[in-house]
Amino acid sequence: GTVGAGTGAVAGELKGGVGTASVRTACGATVAALAVVNAAGSAVDPRTGVLYGAYGAGQPPEPPAPATHEAARRRLAELRAARGTGHFNTTIAVVATDAGLTRAQAQKLAGTAHDGLARAVRPVHLLTDGDTVFVLATGRTPLPEEPTSALNGILAAGADVLARAVVKAVRAARGVDGPGGTFPSYSDLYGELPGKPHDNRNDHHNGTP
């Protein structure tokens with residue numbers, strides 16, 4: 001939420017923040033992400049009010065009531081007119097795994113993790129963005145002798161956990177009213193929806209995330 005580096009973060013016209021997510025893959029490796037969501041693009045589908053990153057989280061997300069979404073759109077339009085435009089953004093994320101990755105494999109994981117950012121924020125990687133994903137691998141869980149399947153699972157998990165971390169960051173953020181303008185939080189506009197962020201210690205799953 002609105003802590004640490006997430007204090008001054010925004011996500012389009014909403015308050016951004018810090019979010020985390022993790023998963024245990026089929027090969028036994030854990031993949032986790034921590035994201036500071038400070039994006040020029042939006043994390044919210046303007047047609048429905050659903051967070052983009054929630055679409056790929058398994059069960060289809062429940063959209064806000066149409067009246068709630070319309071009220072949110074009007075409020076954001078009012079704030080946009082009062083604030084104007086023109087700010088630079090950088091979404092920074094760390095994807096960490098206990099798998100034994102080579103330097104090249106870690107670099108590949110950083111690349112696929114960016115796909116998760118693209119699922120959760122649209123548009124993404126603009127000229128006003130400085131999006132960066134760092135990857136850490138502790139090497140405590142060795143890959144099998146034929147690592148292709150295990151590595152593919154880790155690469156896919158990197159994108160999944162980063163998308164979920166963005167969702168958690170936006171849902172947990174608190175709105176602000178400061179010199180840079182008023183940025184309401186997602187919960188300010190839409191209330192608490194099903195699937196509220198929870199403690200990451202209980203956020204592990206077996207198999208495909």
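This is a short tour of a predicted model, going from the whole chain to one β-α-β unit.

**Whole chain.** Start with everything shown. The protein chain has 209 residues, and 46% of them are buried. It holds four helices and eight strands. Color by secondary structure and follow the path from the N terminus: β-β-β-β-α-β-α-β-α-β-β-α. Now switch on the surface. About 10500 Å² is exposed, with 55% supplied by carbon and sulfur atoms. Next, consider contacts between residues at least 6 apart in sequence: 74% of these join residues at least 24 apart.

**Strands β5 and β6.** Select residues 92–99 for β5 and 132–141 for β6. The two strands pair in the parallel sense, over seven bridges. Zoom in on valine 95; valine 135 in β6 stands opposite.

**The crossover.** Add residues 103–120, helix α2. Together, β5, α2 and β6 form a β-α-β unit, and its hand is right-handed.

**Helix α2, end to end.** Put a distance label on the end C-alpha atoms of α2: they are 27 Å apart. At 1.5 Å a residue, the 18 residues should span 26 Å, so the two values agree.

**The buried side of the story.** Which residues of α2 are buried? Select Gln105, Ala106, Leu109, Ala110, Thr112, Ala113, His114, Gly116, Leu117 and Ala120. Gln105, Thr112 and His114 are part of that buried list, as are Leu109 and Leu117.

**What covers them.** Finally, show α3, residues 148–172. The cover over the buried residues of α2 includes this helix, along with β5 and β6. The paired strands from the earlier stop thus return here as part of the cover.

Notes: Residues numbered from 1 in each chain as written. Predicted model: local features only at pLDDT ≥ 70, side-chain atom pairs only at ≥ 80, totals over all residues. Heavy atoms only, no water. Pairing = 2+ DSSP bridges. Right-handed = clockwise from strand over helix to strand, strands pointing away. Buried < 20%, exposed > 50% of the residue type's maximum accessible area, 1.4 Å probe, protein only. Contact = heavy atoms within 4.5 Å. Areas by Shrake-Rupley, 256 points an atom, 1.4 Å probe, with all protein chains shown as cover. Expected span 1.5 Å × (residues − 1).
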